[in-house]
Structures are given as C-alpha cells and as structure tokens.
Amino acid sequence: MSQRTSVSPDMETIKNLQVVTFPHPQGCRSFLLNDPLTGQTLALDVHLDLVDSVAEEVRSQGWSLPYVVDSHTHADHPSGAGALAKLFSSTRIAHEKANHIGVTRHPADGDVLHLGDVPVTVYHSPGHTPDHIVLVASGALFGGDTLLIGGVARTDFLGGDAGQLFDSVHRLLSLLPDETVLYPSHDYKGQTKSSLGAERKSNPWLSIEDRAEFVRSLTANPPPRPANMDDLLRLNREGVDIPRAVTAAEAVERVRQGGATSVLDVRTDVEFQSEYIDGSVQIPLDQLVARADEARAVPAPRLLLCRSGSRAEMALESLAKMGLAGLSVVGDGLEGYKRAGGETESSGEHVSLERQVRILAGALVVLGTGLGYGVHPAFFALAGFIGLGQIVAGVTDWCGMGLALARMPWNQGSAASSGSSPAGTCAANAPAACAANPPDVGTCAAQPPPA
Ligand SMILES: [Fe+2]
C-alpha cells in the first residue's frame, strides 16, 4: 500500500451528489462524483500520480466505480484513467474526437450518464481542444479546462479554437443558473470551486462580449508549450506505459525538446551547483519525503537523475511509495548524459564534491604516512584505511567520505533548481511550466486579457 502523503482529498455534498476533490501541486484537479444512496461513483480527470489516492478513497468508502472520464486529451500531465479503470473494471469515457485507446463509450452532446438516480449530463464544449466535454450534475458544473476560476483555457495547441471556446462558455452560461457550482479541472492558485454567478461578475474573460475581440485577446499572447507535450499526448492517447528507465541518449533528446523542467536531480546541493542541466529541478535524495509536493510539481513524465544512476533508482522507489507515477531513471546518470552529448552548466562557485574527496583523501594519506614515520607506525593504518575506502567507493559507487563532505556547511545550498531557468524560481510551489507566465496562469490557462 502506498505511503499516504499531503495530497488529501476534500469532500462535500452538493444537493444529492458527493464530490471529492483531489488537488495536485501541478495545478490539476481530479474528482470523484458519488451517489451516496447507491455508492455508484464517477472519476473525472484523474492525474496518474493520484490513481492510488483515488482508488483508496473508492475502496475505503465501499463505493463502486462504473465510470472513469477524461474531459479532454490532457497535454500537461499523464492521465490515470487507464490505470484506474483497470483496477475497478470501469467503463472509460471520452468524446469520440479524443480517439483514446481503451475508451469504449463516447457520449454525444446532451447524453446522460446515471449514478444511481443522479443524472450526469454531458455537454460537448470544444475550444480548449476539439474533444472537450463537461459534466453537469446536481447543480454543479465540472468544467474541465473550459471555464477556469478567473480565467479560461488556452486554445493555442491540439486544434484549440478561441471562437469555439467563446461559444462553449457562453452556451454554458445561458444553460445554467448563476448558483451553479463550478469545479474546474485546473487552478494554479490553490482554489477548487467557484460559481457561475461569481465568474460572471469577476472573470475578466466574461466581460468581453464581442466574440472577435475575445478571439483576438486570447490568441495574442499564448503561454509556452507544456513540457513534454509530445510524450504526454502519446501516453494519453495510446496508453503506453512510462518506462522505468531511459537511456542517456533519450534523456538528451527529451531535454533538447524542451523537457529540462521535467528532470528531477536527486544529487546533493554541492554536486548540483558544480554541474547541472539548465532548467532541471534539484531535491536531494534524503529530502524527497519531506519535499514530496515539490517533486509532484515537476511535470511528468519525470526523469530522475543522479551522478551514475544508483541514487536515482533509490529515488524512484521512494517516490513510488508516495504515490508518484511517471518516473524514469536516466541510465548512467549525469555522466552518461554528458557522454551522450548532453549539455550542462556550472555555477563555477564550488569545488566539485569529487575533487573535494580527492583532496581530502590525498591529504589524509599524506598525513597518515608522515605521522607513521615521525610519530608512531600505527598511523600508517590511517593511510591504509583511506586507500581501502577508495577501493570500496570505486567498486560499490557508494562513497561515505563524499556523503560526509556533502553535509559540511560550505557545501550547503538552497538552490531547488538551476538558477538560469525561470522554472527555478517557482519549482517549490508551482509547476515549472508556469514559471514563464504570470503567477496565476498555468499550462492549461490562457494569459489574462488586456486590461
Ligand atoms: Fe487541458
């Protein structure tokens, strides 16, 4: 059983529907919609990292899970729909334009699903993507990435269409009353719900009444593409497994295609500051449990990196126990990455840990030899002990002296990621992909309209 962490669900009841919201540090929201009378439940937009948490909630409540739904093809995170549906033999649902392998039910606009006696109406709401659907049940709108809290979805990839988004948003506003509770599938400020009335009053995009102006504003300043988008689309459409390991050459290619923000470097501070992949995020191996949400905020699929690969393997085991998925170890670590042609940066401010080990080991051998000749022959043992330690380090790739040196005060740093990347400034609290945007905008949201 997975070790539970700070991803804690939030449950509330809207009329005759129980809603459980699972927040993810990447800004994603996953949901369970439950009919308390029958226990029949629908899962919506489940992030792959949250499959264990969602499954545990369903089991612990004694519910059944007949439906697993993706509101659209996600381009910013791996979907857990396939994995979750497999656990509960659920029917996977998405719009027919999604064309996802494993999806067997494609509702048309206006179709109704039933959770016991609770009807869940599906509306086609293209705009963010052509395959987008939203769910309406018991006075709540589960809007996916159509209407966000204080924002709207971006429309600049995957066949998105700003004009269609305008039509979809205004159609929902005309169909549903102001008191309708809005649950979007993304929020980058930690909010989970709003209402259509509140959005009508304060959402700057809804104050734009002219469709052409809306389209102009929405398409004028698109945010950067999500990291790993091509890989994510393949995963989410074809349902392939994320490999446990990738070759150094594959890692180099991923980084060249803009995936550096998905590299989670688990080396020590001093190693990282000596040499790093620009844009990568660093959390030392021994801090992963305490900083699990920072690790979750690294866009998946994530590449785990250390010097040679062994610590990254340990990191994978540790993170998997915390429910994180979408993890691959970079084979042969940073050394292999460089051999495969990958570029690295250096802060130039630190003597590398490897050089520190060489200097200290050499100094201790000289000291032991000198004291052995000048004071007492027993000091020769010091030189022998250091030599033996270096042999063990070389054979096992575990260096106690290096680990001890890494804890020295001069080797302590606070960097969480490489400083030259904008992702570094917000890696602790927000997805790396949002770093280049205003703080309230993430990978699925549009930039705010001009004032
Ligand atoms: Fe999206």
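Which residues of strand β7 (residues 112-115) lie on its covered face, and which on its uncovered one? In this predicted model, Leu113 and Leu115 make up the covered face of β7, while Val112 and His114 make up the uncovered one. In a regular strand, side chains point alternately to one face of the sheet and the other.

Strand β7 is followed by strand β8 (residues 118-124), and the two form a hairpin with 2 residues between them. Gly116, in the turn, has a positive phi of about 60 degrees. The pairing of β7 with β8 is antiparallel and extends over 4 bridges. Within this pairing, Leu113 of the covered face stands opposite Val120 in β8.

The hairpin belongs to an open sheet of 6 strands, arranged in the order β7-β8-β9-β10-β13-β14, with mixed pairing. Its edge strands are β7 and β14 (194-195), each of which pairs on one side only. Further into the strand order, strand β9 (residues 133-137) and strand β10 (residues 140-144) are paired in the antiparallel sense over 3 bridges. Here Val136 has Leu141 in β10 as its bridge partner.

A second open sheet contains 5 strands in the order β15-β19-β18-β16-β17, and its pairing is parallel. The edge strands of this sheet are β15 and β17 (281-282), each pairing on one side only. At one end of the order, strand β16 (residues 263-265) runs parallel to β17 and is joined to it by 2 bridges; Leu264 stands opposite Val281 in β17. At the other end, strand β15 (residues 245-246) pairs with β19 in the parallel sense over 2 bridges, and Val246 stands opposite Val330 in β19.

Strand β19 (residues 327-330) is covered on both faces. Leu327 and Val329 on one side, and Ser328 and Val330 on the other, are all buried. Besides its pairing with β15, β19 pairs with strand β18 (residues 302-305), again in the parallel sense, over 3 bridges. In this second pairing, Ser328 is the bridge partner of Leu303. Between β18 and β19 the chain passes through helix α10 (residues 310-321), giving a β-α-β crossover that is right-handed. Helix α10 also packs on the sheet, where it touches β18 and β19. The direction of the helix makes about 170 degrees with that of β19.

The buried nonpolar residues were then examined. In soluble globular proteins, nonpolar side chains tend to be buried together. The largest nonpolar core of the model has 63 residues, and Leu33, Leu42, Ala43, Val54 and Val68 are those with the most contacts inside it. Helix α3 (residues 162-175) gives the most to this core, contributing 5 residues. When residues up to four places away in sequence are not counted, Ala43 touches Leu32, Val54, Leu65, Val68, Val69 and Leu84. Another core, of 33 residues, lies apart from it. Among the residues of that other core are Leu303, Leu305, Ala315 and Leu319.

For the protein chain as a whole, the secondary structure comes to 14 helices and 19 strands. The chain has 451 residues, of which 48% count as buried. Among contacts between residues at least 6 apart in sequence, 67% join residues at least 24 apart.

Definitions and conventions. Residues are numbered from 1 along each chain as its sequence is written. This is a predicted model: local features need pLDDT of at least 70, side-chain atom pairs count only at pLDDT 80 or more; totals for chains, interfaces and linings use all residues. A residue is buried if 20 or more other C-beta atoms lie within 10 Å of its own, exposed if 12 or fewer, and partly exposed in between; C-beta atoms are placed from the backbone. Two strands pair if DSSP finds at least two bridges between them. Two residues are in contact if their C-beta atoms, placed from the backbone, lie within 7 Å. A crossover is right-handed if, with the strands pointing away from the viewer, the path from the first strand over the helix to the second runs clockwise. A nonpolar core is a set of buried Ala, Val, Leu, Ile, Met, Phe, Trp, Tyr and Cys residues joined through C-beta atoms within 7 Å. Axes are lines fitted to C-alpha atoms, for helices over the stretch in contact, and angles run from 0 to 180 degrees between N-to-C directions.
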